[in-house]
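Work through the exercises below with the sequence and the model open side by side. Try each task before you read its solution.

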Amino acid sequence: MGFITSEALDETGYVELERLQKVAEPSEWLDLEYVGWRSSGVTRFAPLASYGGEVDCNGFWNHTPPRTDKDGVWIPRQVDTAPTLTDYAREAGANVGRCRVIELQPNTYADAVYNLHQDDNNRLNEEGSGWVVRSFVNLTDDPDSLLLLRSDRFDPATEIRLPLPAGTRMIVDTQRFWHAVWHRGTAPRYSLITSLTSGPELDVHIRANNPDPRPRSIELDAEMVSAAQVEMHRRIEERRRAFEAQGLVMEPPVDLY
């Protein structure tokens with residue numbers, strides 16, 4: 001039967017929308033309540049919508065009863081603090097699951113490559129329903145920072161690198177891509193991340209915002225890319241051995257070269 005997907009993502013798996021001309025006031029994200037939560041680097045999250053309306057970042061499938069990443073419950077005090085950000089999330093008219101602001105501290109390219117990960121948006125999602133994707137709205141002005149997307153975690157030739165000036169909006173199938181952000185700023189980066197369900201509403205929203213399925217990818221120095229690959233494998237192997245010493249198998253070994 002399959003899932004309902006968005007035609008705009010069929011070609012590349014991601015799309016960049018027309019950039020916002022004016023972003024919400026910084027107080028909307030700085031005054032939110034944050035909790036520590038591991039993602040692509042040193043991060044905290046401020047949920048606007050969660051499983052049960054609490055300041056909680058856990059996957060919906062880790063609650064009772066478990067469910068997929070849909071039907072998020074808005075958190076009143078967070079929504080009151082960030083009404084414009086809430087409007088950004090609701091603008092698509094699609095079902096919203098998890099919705100939160102991420103705070104990411106500056107990192108290196110090697111850090112970002114090591115932290116590449118796939119989201120688990122569609123765990124428990126039923127065939128015949130809408131496929132869950134992620135909307136990103138970059139809140140701070142980070143033109144030198146890059147969203148990294150790889151279809152193959154270990155192949156830098158598959159890497160797409162998209163800059164993140166203020167107001168950048170993207171919709172990405174983050175279960176399809178390994179992804180992370182290389183944040184080259186000197187202050188934290190903030191971005192609104194929303195789980196949206198594919199379907200007619202999301203399609204209309206994408207079409208109305210001048211979508212570009214092939215925004216320009218930034219080129220990087222080949223030696224830096226190669227060095228980051230070696231460092232990624234070194235860290236993975238170091239982590240694997242540390243867990244193996246505790247009797248835990250995290251992932252199979254990967255050849256360094």
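The exercises go from one strand to the core, then to a helix, the empty spaces and the backbone.

This is a predicted model, in which local features need pLDDT of at least 70 and side-chain atom pairs count only at pLDDT 80 or more, while totals for chains, interfaces and linings use all residues. Residues are numbered from 1 along each chain as its sequence is written, and side-chain values use heavy atoms, with hydrogens and water left out.

**Exercise 1. Place Y14 and describe its strand.**

Step 1. Find the element. Y14 sits in strand β1, residues 14–17. Strands (E, at least two residues) and helices (H or I, at least four) are DSSP runs, numbered from the N terminus.

Step 2. Check burial. Y14 counts as buried because its relative accessibility is 5%. Buried means under 20% relative accessible area, exposed over 50%, and partly exposed in between (1.4 Å probe, protein chains only).

Step 3. Look at both faces. Y14 and E16 are buried on one side of β1, and V15 and L17 are buried on the other.

Step 4. Find the partner strand. β1 pairs with β9 (residues 169–172) in the antiparallel sense, over 4 bridges. Pairing requires at least two DSSP bridges between the strands. V15 has I171 as its bridge partner in β9.

Step 5. List contacts, meaning heavy atoms within 4.5 Å. Beyond four places in sequence, Y14 touches nine-residue company that includes L9, L149, F177 and P213.**Exercise 2. Which residues have the most contacts inside the largest nonpolar core?**

Step 1. Define the set. A nonpolar core is a set of buried Ala, Val, Leu, Ile, Met, Phe, Trp, Tyr and Cys residues joined through side-chain atoms within 4.5 Å.

Step 2. Read off the leaders. The largest core has 31 residues, and W29, L85, Y88, V101, L139 and L192 have the most contacts inside it.

Step 3. Trace the elements. Those that each supply at least two residues of this core include β1, α3, β5 (96–104) and β11 (189–197).

Step 4. Zoom in on V101. Neighbours within four places aside, V101 is in contact with residues including W29, L85, L139 and L192.

**Exercise 3. Which residues of helix α3 are buried, and why do they lie on the same side?**

Step 1. Pick them out. In α3, residues 83–90, L85, T86, Y88 and A89 are buried.

Step 2. Check the arc. They lie on the same side of α3 because they cover an arc of only 155° around the axis. The arc is taken from the directions from the helix axis to the C-beta atoms.

Step 3. Recall the rule. An α-helix has 3.6 residues a turn, so residues three or four places apart point the same way.

**Exercise 4. Describe the largest pocket and the largest cavity.**

Step 1. Start with the pocket. The largest pocket has a volume of about 630 Å³. Its lining has 32 residues, with R38, S39, H117, Q118 and D119 nearest its centre. β10 gives the most to this lining, with 4 residues.

Step 2. Turn to the cavities. There are 3 cavities of 30 Å³ or more. The largest cavity has a volume of about 100 Å³. Among its 14 lining residues, L17, Y88, S135, V137 and H205 are the closest to its centre.

Step 3. Fix the terms. On a 1 Å grid over the protein atoms alone, a cavity is a set of points where a 1.4 Å probe fits but cannot get out; a pocket is an open set with protein on both sides within 12 Å along at least five of seven lines; lining residues have an atom within 4 Å of a point. Grid points are joined across faces, edges and corners, and a volume is the space filled by probe spheres set on the points.

**Exercise 5. Find the backbone features in the loop between β3 and β4.**

Step 1. P65 is in this loop. A cis peptide bond joins T64 and P65, with omega about -5°.

Step 2. D71 is also in the loop between β3 and β4. D71 is not a glycine, yet its phi is positive, about 60°.
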